[in-house]
Amino acid sequence: MAETVPAAAEVPELPMSRSCPFDPPEQLAQLREEQPITPLRYQDGRAGWLVTSYALARTILADPRFSRKNELQHLPKPFKLTALTREPAQPGFFLGMDPPEHTRYRRQLTAHFTVRRMRQLEPRIARITEEHLDAMERHGPPVDLVSEFALPIPSLVICELLGVPYEDRKRFQGYTRRLLSLDSTPDETLAARDALCDYLDELVARKRCEPGDDLVTTLLAGKDLDDAEVAGIGVLLLVAGHETTANMLGLGTFALLRHPDQLAALRADPSLIEHAVEELLRYLTIVHLGPTRAALEDVEIGGRMIHAGDPVTISLSEANRDPERFENGEELDVHHSATGHLAFGHGIHQCLGQQLARIEMRIGYTALLRRFPGLRLAVAPEDVRMRTDMSIYGVHNLPVAW
Ligand code: HEM
């Protein structure tokens with residue numbers, strides 16, 4: 001007989017405390033060893049499940065009986081908000097939808113994010129990267145790598161791709177920060193979401209009058225999407241497109257600087273970069289508090305009975321350390337082939353922007369290490385502020401010298 005979820009009061013919260021900035025909380029590994037699907041307390045007090053093994057994470061993410069619909073989601077305890085997730089996703093915000101709505105949007109976008117299409121952006125991304133390195137060099141050390149390199153490069157790239165004026169970055173970066181902060185009150189989160197929506201509504205209205213050579217204009221020119229839907233897609237791509245890669249660039253550089261043998265290996269053989277990018281994605285797994293799903297019907301899985309409506313949180317961070325799938329998964333090894341990792345998720349919601357993110361990281365790390373052979377931290381490692389307070393993990397700042 002499969003076990004069902006116990007009463008909420010007896011159920012633990014999501015472990016959050018890390019003893020090493022690069023490793024997930026130690027309790028998660030213990031949980032996986034004991035039982036890879038365990039009861040978890042959610043923000044609104046109800047009980048649900050936490051999944052920590054690679055095999056179960058992949059199975060559930062690919063199973064249509066588990067929904068990503070916004071209105072069905074509950075979030076684990078470090079999140080403060082419920083309101084945002086208990087209403088249907090706005091038009092176009094397809095991450096919060098199931099098929100057939102999700103399929104309809106995703107189909108319109110796939111062609112714009114293929115490997116081939118993203119490769120065409122390489123020269124422009126390389127130019128943007130070199131310009132930022134030039135500026136760092138002119139400024140001289142120390143420099144905060146997050147504000148001068150890791151954040152502006154993916155922001156500029158997604159702005160150019162969408163047709164968002166980069167001059168507006170203070171505005172949309174501020175809203176995004178509030179949206180992703182675990183410290184924001186529900187009101188602040190909702191206000192940030194609404195402000196981003198208003199911003200994209202204005203942009204779409206402008207593009208109707210003044211079309212550009214960009215994705216928003218292209219989507220508007222098609223017959224299938226109305227203005228509100230294009231704006232919703234814009235919000236999703238803008239938020240997902242800059243904070244994620246930015247944190248991989250910042251945290252990834254910190255991890256390399258703290259693993260000098262790995263840094264030396266990559267410097268000695270720059271052709272390792274493709275392996276290194278996948279390994280850093282796996283090892284650091286910046287989407288560290290989820291994703292979540294909700295069971296649409298009773299499902300027996302991993303010796304547990306998940307009832308219809310039960311929330312499930314998939315720990316991508318811990319699944320990516322599962323020794324059953326990744327030998328020596330606790331270690332960072334840039335020679336290691338980490339293919340099949342879950343840092344971009346899995347199943348129908350697997351990251352749409354993954355090829356773009358890979359190119360930005362390949363170009364970003366390579367150019368940074370080439371430009372500054374003596375790159376080093378300009379503060380003690382314990383003074384680097386980690387993003388434990390954000391739903392996307394990383395570093396708040398990374399002072400470096402060379
Ligand atoms: C290193 C950088 C990135 C990481 C680690 C990352 C991670 C993820 C993950 C884990 C998901 C799945 C969420 C779920 O299953 O609930 C996802 C979805 C998504 N990502 Fe990314 N992402 C990154 C970069 C990007 C970029 C650059 C873009 C846009 C250009 C982007 C756009 C999206 C979109 C639109 C979705 C929703 C896909 C869907 O629902 O079908 N991401 N991402």
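**Exercise 1. Locate Pro142 and describe the peptide bond that leads into it.**

Step 1. Pro142 sits in the loop that runs from helix H5 (122-139) to E4. Helices (H or I, at least four residues) and strands (E, at least two) are DSSP runs, numbered from the N terminus.

Step 2. The bond from Pro141 to Pro142 is cis, and its omega is near -5°.

Step 3. A cis bond also joins Pro99 to Pro100, with omega near 5°. Pro100 belongs to the loop between E3 and H3.

Step 4. For backbone torsions, the background is that most peptide bonds are trans and most residues other than glycine have a negative phi. Thr285 has a positive phi, near 25°. Its loop connects helix H13 (273-284) and E5.

Conventions for all exercises: the model is predicted, so local features need pLDDT of at least 70 and side-chain atom pairs count only at pLDDT 80 or more, while totals for chains, interfaces and linings use all residues. Residues are numbered from 1 along each chain as its sequence is written, and side-chain values use heavy atoms, with hydrogens and water left out.

**Exercise 2. Identify the protein donor to the iron atom of the ligand and place it in the fold.**

Step 1. Donors are N, O and S atoms within 2.8 Å of the metal (3.2 Å for Na, K and Ca); water is not among the atoms, so sites may look incomplete.

Step 2. The protein gives the iron a single donor, SG of Cys351, at 2.3 Å.

Step 3. Cys351 is found in the loop between helix H14 (316-319) and H15.

**Exercise 3. Describe the shell around the ligand: how many residues surround it, and which elements supply them?**

Step 1. The ligand is surrounded by 31 residues (a residue is near a molecule if one of its heavy atoms lies within 4 Å of it). The closest are His102, Arg106, Arg293, His349 and Cys351.

Step 2. At least two shell residues come from each of helix H3 (101-110), helix H11 (227-257) and helix H15 (354-371). H11 provides the largest share, seven residues.

Step 3. By class, the shell has 21 nonpolar, seven polar and three charged residues. Here Ala, Val, Leu, Ile, Met, Phe, Trp, Tyr, Cys and Pro count as nonpolar, Asp, Glu, Lys and Arg as charged, and the others, Gly among them, as polar.

Step 4. Side-chain N or O atoms of His102 and of Arg106 each lie 2.7 Å from an oxygen atom of the ligand. For Arg68, the corresponding distance is 3.2 Å.

**Exercise 4. Work out the strand order of the two open sheets and name their edges.**

Step 1. Two strands pair if DSSP finds at least two bridges between them.

Step 2. The five-stranded open sheet has the order E1-E2-E8-E5-E3 and mixed pairing. Its edges are strand E1 (37-41) and strand E3 (66-67), each paired on one side only.

Step 3. E3 runs antiparallel to strand E5 (residues 292-295), and two bridges join them. Phe66 has Ala295 of E5 as its bridge partner.

Step 4. The three-stranded open sheet has the order E4-E10-E9, and its pairing is antiparallel. Strand E4 (143-144) and strand E9 (376-377) form its edges, with pairing on one side only.

Step 5. Two bridges connect E9 and strand E10 (residues 399-401), and Arg376 is opposite Ala401 in E10.

**Exercise 5. Characterise the second largest cavity by its volume and lining.**

Step 1. A cavity is a set of points, on a 1 Å grid over the protein atoms alone, where a 1.4 Å probe fits but cannot get out; lining residues have an atom within 4 Å of a point. Grid points are joined across faces, edges and corners, and a volume is the space filled by probe spheres set on the points.

Step 2. The structure contains four cavities of 30 Å³ or more. The second largest holds about 110 Å³.

Step 3. It is lined by 14 residues, with Pro15, Pro25, Leu28, His288 and Leu289 closest to its centre.

Step 4. The lining consists of seven nonpolar, six polar and one charged residue.

Note on methods
A polar contact is a pair of N or O atoms within 3.5 Å; within protein, one must be able to donate a hydrogen and the other to accept it, and residues adjacent in sequence count only if both atoms are side-chain atoms. On a 1 Å grid over the protein atoms alone, a cavity is a set of points where a 1.4 Å probe fits but cannot get out, and a pocket is an open set with protein on both sides within 12 Å along at least five of seven lines; lining residues have an atom within 4 Å of a point.
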